[in-house]
Amino acid sequence: MSASAKLEGHNLQAAMDELHADVYRHHMAPFWAIDKTRKNDEDNQLRDTRKAVPFIWKYKSDIEPLLHRSAELINAESSERRSLILVNPGLAPKRASVSTMYTAYRLNDPNEIMPPHRHSPNAIRLGLTGALNFTGVEGENITFGPGDMVLTPHDTWHNHGNQGDEPAINLSVLDLPLVETLNAMYFEHDYTEEEEGKRVRRIMQSERFPSDYSQRVYGQGGLMPRFVSHMRGTGNASPMYVYRWDMMREALEKFRDWDGDPHEAIMIEYVNPLDGKPVFKTITFFMQMLRPGERTQPLKQTASLLVAPFEGQGYSMVGGKRLDWERFDTFAAPGGEWAEHVNTSDRAPAILFVASDEPTLKALALYQKHGRMASGEVVRLY
Ligand SMILES: [Fe+2]
């Protein structure tokens, strides 16, 4: 006769409670059903860990005023960084907007330049306001405006700032929470250059490429200069460090009257010009255009998305939650949630900037994508 058969009612419950307490006290967790009313309770408990939730951060009412307040109190001398990181309420206090990525907003005062640094996470910056946002990457000094996307790949020295006479706001997306989970984080701040045989510290990188290098070498699809080295950084990211907005906007416009995809509308990916693959091994980026009045069919994928509307207004249904958005907001669409997007204007297109951890999930054979059709039928798309 087993011990549990001998114990009944209160005695059994008390013994179970004591067992669970002892298991947790020794830093272990039970993997068996505890709640008999829940089917497959043991599996449910595995999933009851902290998880990103659908959530929207509003630019006009919340982010922008906080950026201005922080710019008044924190100057470039007191801190090399002055960014607001979007923290998903399901993951707090971890600094992550979805489980693998975070978005941060930054305001740079006129003519403010921060010193160079480098780190293992990959990052991009998207200009929101100001014509002369500045990012120097490995000796290519890039100025950028609204809608331009600048890469700062892992291990590349880079510095940020603003070369204009008006404040400039941009947003960044980093794969930092993923890199942190993999325990592969590092940051370096002491930027030096060789001068007369000695290493000297510099607050600006010496220019080693013309400031339009990325655009000049890689800016015409299908044509590749053979007389320059395409090995930049570690070679594990796109060598094209800036993708201009007018180029993307023109590409979107060309397909405006096409059917597009029922679940993703007109979506264009930023790719590495050498191989057509995502710009980073870990995360990828898109612009997605919803035509006036367009509503996408629901899509569920294992990839998590951070979506920043760049033009227009509308709403998205993410995991059954309605998120109303306008330009420069950011919302989280965590993997595993059904998502659909609606452009509420009957005149203007809506354009969404989308970051996704799809490359990581594909590399690990964990990527899945399902779509709900107009008939209600659910189809596996990947
Ligand atoms: Fe950085």
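How many residues lie between strand 20 and strand 21 in their hairpin? There are two. One residue of the turn, G319, has a positive phi of about 55°. The model is predicted, and this hairpin is a good place to enter it.

Strand 20 covers residues 314-318. It pairs with strand 21 in the antiparallel sense, over five bridges. G314 of strand 20 faces W325 of strand 21 across the pairing.

The hairpin belongs to a wider sheet. Six strands make up this open sheet, in the order 21-20-23-18-25-26, and their pairing is antiparallel. Strand 21, residues 321-325, and strand 26, residues 378-380, stand at the edges. Each has a single partner strand, so one side of each is left without a neighbour in the sheet. On average, neighbouring strands of this sheet are turned by 25° against each other, direction ignored.

Further along the order, strand 18 meets strand 25. Strand 18 spans residues 299-301, and strand 25 spans residues 369-372. Three bridges hold this antiparallel pair. Here K300 has H370 of strand 25 as its bridge partner.

Now turn to another sheet. It is open, has six strands, and follows the order 2-3-11-6-9-15, with antiparallel pairing. Its edge strands are strand 2, residues 83-85, and strand 15, and each of them pairs on one side only.

Begin at the edge formed by strand 2. Strand 2 runs antiparallel to strand 3, residues 102-108, and three bridges join them. S83 stands opposite R106 of strand 3. A helix lies against this part of the sheet: helix 4, residues 59-73, packs there and touches strand 2, strand 3 and strand 11, residues 168-174. The direction of helix 4 makes about 50° with that of strand 3.

The loop between strand 2 and strand 3 holds P93. The peptide bond leading from A92 into P93 is cis, with omega near 5°.

Cross to the strands at the other end of the order. Strand 6, residues 123-129, and strand 9 run antiparallel, joined by four bridges. I124 stands opposite L151 of strand 9. Strand 9 also pairs with strand 15, residues 242-243, in the antiparallel sense over two bridges. In that pairing M149 stands opposite Y243.

Which way do the residues of strand 9 point? M149 and L151 point one way, while V150 and T152 point the other way. All four are buried. V150 has contacts beyond its neighbours within four places in sequence: I124, R125, T135, I142, F144, Y241 and V242.

V150 also leads to the core. The largest nonpolar core has 70 residues. The members that touch the most other members are M101, I124, V150, L306, V307, F331 and A355. Strand 24, residues 350-356, gives the largest share of this core, with six residues.

Some loop residues deserve a stop as well. N183 sits in the loop between helix 5, residues 176-181, and strand 12, residues 187-188. Its phi is near 60°, a positive value in a residue other than glycine. Is N183 buried or exposed? N183 counts as exposed, because it has 6 C-beta neighbours inside 10 Å, and the cut-off for exposed is 12 or fewer.

A265 is another residue other than glycine with a positive phi, in this case near 55°. A265 lies in the loop between helix 7, residues 245-254, and strand 16, residues 266-269. A265 counts as buried, because it has 23 C-beta neighbours inside 10 Å, and buried begins at 20 or more.

The next stop is I266, in strand 16. I266 is buried too, with 23 other C-beta atoms within 10 Å. Not counting residues up to four places away in sequence, I266 touches L252, F255, W258, G260 and M289. K198 gives a sense of distance: I266 and K198 are 68 residues apart in sequence, and 53 Å apart in space from C-alpha to C-alpha.

Note on methods: Residues are numbered from 1 along each chain as its sequence is written. This is a predicted model: local features need pLDDT of at least 70, side-chain atom pairs count only at pLDDT 80 or more; totals for chains, interfaces and linings use all residues. Two strands pair if DSSP finds at least two bridges between them. Axes are lines fitted to C-alpha atoms, for helices over the stretch in contact, and angles run from 0 to 180 degrees between N-to-C directions. Two residues are in contact if their C-beta atoms, placed from the backbone, lie within 7 Å. A nonpolar core is a set of buried Ala, Val, Leu, Ile, Met, Phe, Trp, Tyr and Cys residues joined through C-beta atoms within 7 Å.
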